[in-house]
Amino acid sequence: MTEYLLYGFAQSGNCYKAALYLELVAADWQARFVDYFNGETRTAEYRRINVMGEAPVLEHGDLRLSQSAVILDYLVERFGRYGWNDGAERREILRWLFWDNHKLTSYTGTYRFLRTFAPATDKAVLEEFRKRAEGAWKVLDTQLGRAPYLAGGRLTIADISACAYLFFEDELGVSWAHYPNIDRWLGRIRAVPRWRHPYALLPGHPIPARK
Ligand SMILES: N[C@@H](CCC(=O)N[C@@H](CS)C(=O)NCC(=O)O)C(=O)O
């Protein structure tokens with residue numbers, strides 16, 4: 001049995017945030033596939049695992065955690081990597097984690113879902129989410145023009161969180177060449193030893209047949 005069990009699936013950038021951390025630190029972990037596209041997160045059994053009905057969930061011994069930012073915070077506590085050295089750094093990391101969850105991942109992930117996975121999407125709704133995602137990408141690009149990583153000079157869980165959905169550029173219909181600071185930052189993250197694309201790290205790609 002492995003030490004860490006991560007409930008997740010390949011299309012989920014939120015699950016990838018935890019998976020990427022575990023992989024980068026060479027943790028003893030494995031994935032437990034969540035069949036999101038067949039409705040598993042909406043079942044009563046899954047709601048007993050996570051009342052929020054979301055993946056990722058991380059199990060470590062008797063502990064069961066949800067919310068990717070909480071999982072990343074816990075993993076920093078366990079492995080001591082990609083975290084903070086003092087209170088000011090911790091607050092800066094938290095600032096970007098909250099921003100990512102609220103503005104970057106939420107709009108980018110929803111836009112990608114509507115564009116790539118939803119059976120039919122109203123054009124105006126799609127355009128609205130694109131506009132909001134682009135607003136977040138501009139903020140990110142500006143910050144990354146000031147420092148190589150979100151919270152300063154080195155990779156932290158803020159970057160591990162914020163980068164997740166941006167590796168799906170084909171499905172987002174974006175070329176990061178239009179956001180040169182994001183482009184260079186994604187290149188730096190890709191170059192970290194043990195980095196893998198979400199579709200290579202978590203089970204469920206391509207999407208299994210509908211039941
Ligand atoms: N803020 C949460 C978001 C998690 C989330 O939205 N997960 C999606 C998959 S990417 C999910 O499981 N959705 C299930 C549903 O809404 O039914 C986190 O960072 O963990």
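Which residue stands opposite His60 in E4? In this predicted model, the partner of His60 is Leu63. The legends below start with the whole chain and then zoom in.

**Figure 1. The whole protein, with nine helices and four strands.** Read from the start of the sequence, the elements come in the order β-α-β-α-β-β-α-α-α-α-α-α-α. The C-alpha atoms fit in a box of roughly 45 × 45 × 25 Å along the principal axes. A compact globule of 211 residues would have a radius of gyration near 17 Å, and the protein has 17 Å, so the two agree. Buried residues account for 36% of the 211. Take the contacts between residues at least 6 apart in sequence: 69% of them join residues at least 24 apart.

**Figure 2. Strand E1 and its parallel partner, E2.** Here residues 4-8 (E1) pair with residues 29-33 (E2) over five bridges. For a landmark, look for Tyr4, which sits opposite Trp29 in E2. Helix H1 (residues 13-24) joins in as well: E1, H1 and E2 form a β-α-β unit, and that unit is right-handed. While you're here, find Ala26 in the loop between H1 and E2. Its phi is near 55°, a positive value in a residue that isn't glycine. For background, most residues other than glycine have a negative phi. Ala26 has 10 other C-beta atoms within 10 Å, so Ala26 counts as exposed.

**Figure 3. Strand E1 again, this time with E3.** E1 pairs with E3 (residues 57-60) in the antiparallel sense, over four bridges. The landmark on this side is Tyr7, facing Val57 in E3. So E1 has a parallel pairing with E2 and an antiparallel one with E3, if you read the views together. As a general reminder, side chains in a regular strand alternate between the two faces of the sheet.

**Figure 4. The hairpin of E3 and E4.** Strands E3 and E4 (residues 63-66) run antiparallel and are joined by four bridges. Two residues lie between the strands, and Gly61 in this hairpin takes a positive phi near 60°. The pair from the opening question, His60 and Leu63, shows up here too.

**Figure 5. A closer look at His60 in strand E3.** Is His60 buried or exposed? Partly exposed, because His60 has 17 C-beta neighbours inside 10 Å, while a buried residue needs 20 or more. Setting aside neighbours within four places in sequence, His60 touches Glu3 and Tyr4 by the contact criterion. The C-alpha atoms of His60 and Leu5 are separated by 6.6 Å, even though these residues are 55 apart along the chain.

**Figure 6. Gln67, just where E4 hands over to H3.** Gln67 lies in the loop between strand E4 and helix H3 (68-79). Its phi is positive, about 75°, although Gln67 isn't a glycine. With 17 other C-beta atoms within 10 Å, Gln67 comes out as partly exposed.

**Figure 7. Two cis peptide bonds, one at Pro56 and one at Pro206.** In general, most peptide bonds are trans. The bond between Ala55 and Pro56 is cis, with omega about 10°, and Pro56 lies in the loop between helix H2 (44-49) and E3. The bond between His205 and Pro206 is cis too, with omega about -5°. Pro206 belongs to the segment after helix H9 (198-201).

**Figure 8. The shell around the ligand.** Which residues come nearest to the ligand? Ser12, Asn14, Thr41, Glu54 and Ser68 do, out of 13 residues around it. Sorted by class, the shell has seven polar, four nonpolar and two charged residues.

Notes:
Residues numbered from 1 in each chain as written. Predicted model: local features only at pLDDT ≥ 70, side-chain atom pairs only at ≥ 80, totals over all residues. Rg over C-alpha atoms; globule rule 2.2 N^0.38 Å. Buried ≥ 20, exposed ≤ 12 C-beta atoms within 10 Å, placed from the backbone. Contact = placed C-beta atoms within 7 Å. Pairing = 2+ DSSP bridges. Right-handed = clockwise from strand over helix to strand, strands pointing away. Near = placed C-beta within 6 Å. Nonpolar A, V, L, I, M, F, W, Y, C, P; charged D, E, K, R; others polar.
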